[in-house]
Amino acid sequence: MKDKQNLIVITNSAVMFNQLAHRDNITMYFLGGRFDTRIQATVGDDVLAQLSKYSPNKLIIGMDGVDPVAGLTAFDHINDQIITRKMISQARQRILVVDDSKIGKVAFTHIADLSLFDILITNYNPEKEHILEEIRNLGVKVITV
């Protein structure tokens, strides 16, 4: 993202904000709300209200578990799950980025169906190829690097 020009980033993540805020080519929108120190992000109704004003072109998100049947799953706190679902519903294109350890894994809470996503980007692991094929069959473009 550092080479993209005129990029607008909307986030509730303090980590993401701190990594990108100093870049001249990026305009940052940091969603306000109650700060949850455990997840290093803002949560709550204020975040949801702000988020509903935006229609981002792309959502790039990670997840704790990605499974063709269980979908996207997470260990996150309930407030963060609501925000994640809102982000998914607002975006025009949804891109999931996870390492191969998340493929085939099912975490505690269901976040969304995998078929809602357009692209999955992951590192190549031949042992996960059968799961990636199931994901492709859901209509998700899989990119391995």
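**Figure 1. Gln40 in this predicted model is partly exposed and has a positive phi.** The relative accessible area of Gln40 is 32%. The residue sits in the loop between strand 3 (34-36) and strand 4 (41-43). Its phi is near 55 degrees, a positive value in a residue other than glycine. Most residues other than glycine have a negative phi.

**Figure 2. Asn6 is a non-glycine residue with positive phi.** Phi of Asn6 is about 55 degrees. Asn6 belongs to the segment before strand 1 (7-11). Is Asn6 buried or exposed? Asn6 is exposed, at a relative accessible area of 73%.

**Figure 3. Lys128 is buried and has no salt bridge.** Lys128 lies in the loop between strand 10 (119-122) and helix 4 (129-137). Which side chain of opposite charge is nearest to Lys128? That side chain is Asp100, and it is 5.2 Å away. A salt bridge needs the side-chain nitrogen within 4 Å of a carboxyl oxygen, so Asp100 at 5.2 Å does not qualify. Backbone oxygens are within reach of the Lys128 side chain instead. The side chain reaches the backbone oxygen of Ile103 at 2.7 Å. The backbone oxygen of Asp100 is 3.2 Å from a polar atom of the Lys128 side chain. Not counting residues up to four places away in sequence, Lys128 touches Asp100, Ser101 and Ile103.

**Figure 4. Asp99 and Lys102 form a salt bridge.** The N to O distance between their side chains is 3.9 Å. The cut-off for a salt bridge is 4 Å, so this pair at 3.9 Å is counted. Both partners are partly exposed. Lys102 has a relative accessible area of 21%. For Asp99 the value is 35%. Side chains of opposite charge can pair when their charged atoms come close.

**Figure 5. Glu129, Glu133 and Arg136 are linked in a network of salt bridges.** Arg136 meets Glu129 at 2.8 Å, N to O. Arg136 also pairs with Glu133, with the closest N and O atoms 3.2 Å apart. Where do Glu133 and Arg136 lie? Both are in helix 4, three residues apart, about one turn of the helix. Each member of the network is partly exposed. The relative accessible area is 25% for Glu129. Arg136 has 29%, and Glu133 has 37%. How many salt bridges does a search of the whole structure find? The search finds three.

**Figure 6. Side chains alternate along strand 5 (residues 58-61).** Which residues of strand 5 point to one face and are buried? They are Leu59 and Ile61. Lys58 and Ile60 point to the other face and are not buried. In a regular strand the side chains alternate between the two faces of the sheet. Strand 5 pairs with strand 8 (residues 93-97) in the parallel sense. Four bridges join the two strands. Ile60 stands opposite Ile95 in strand 8.

**Figure 7. Val98 is buried in the loop between strand 8 and strand 9.** Val98 has 7% relative accessibility. That is under the 20% cut-off, so Val98 counts as buried. Leaving aside neighbours within four places in sequence, Val98 is in contact with Gly62, Met63, Val66, Ile103, Leu120, Ile121, Thr122 and Asn123. One of these, Thr122, is 24 residues away from Val98 in sequence. In space, the C-alpha atoms of Val98 and Thr122 are 5.3 Å apart. Ile103 appears here as a contact of Val98, and Ile103 is also touched by Lys128.

**Figure 8. Three strands form an open sheet with antiparallel pairing.** The strand order is 6-7-9. Which strands are at the edges? They are strand 6 (65-67) and strand 9 (109-112), and each pairs on one side only. Neighbouring strands of this sheet are turned by 35 degrees against each other on average, direction ignored. Strand 7 (residues 71-74) and strand 9 run antiparallel and are joined by three bridges. Thr73 has His110 in strand 9 as its bridge partner. Strands of a sheet pair through backbone hydrogen bonds.

Conventions: Residues numbered from 1 in each chain as written. Predicted model: local features only at pLDDT ≥ 70, side-chain atom pairs only at ≥ 80, totals over all residues. Heavy atoms only, no water. Buried < 20%, exposed > 50% of the residue type's maximum accessible area, 1.4 Å probe, protein only. Lys, Arg positive; Asp, Glu negative; His and termini not counted. Polar contact = N/O pair within 3.5 Å; in protein donor to acceptor, adjacent residues only side chain to side chain. Contact = heavy atoms within 4.5 Å. Pairing = 2+ DSSP bridges. Axes fitted to C-alpha atoms, helices over the stretch in contact; angles between N-to-C directions.
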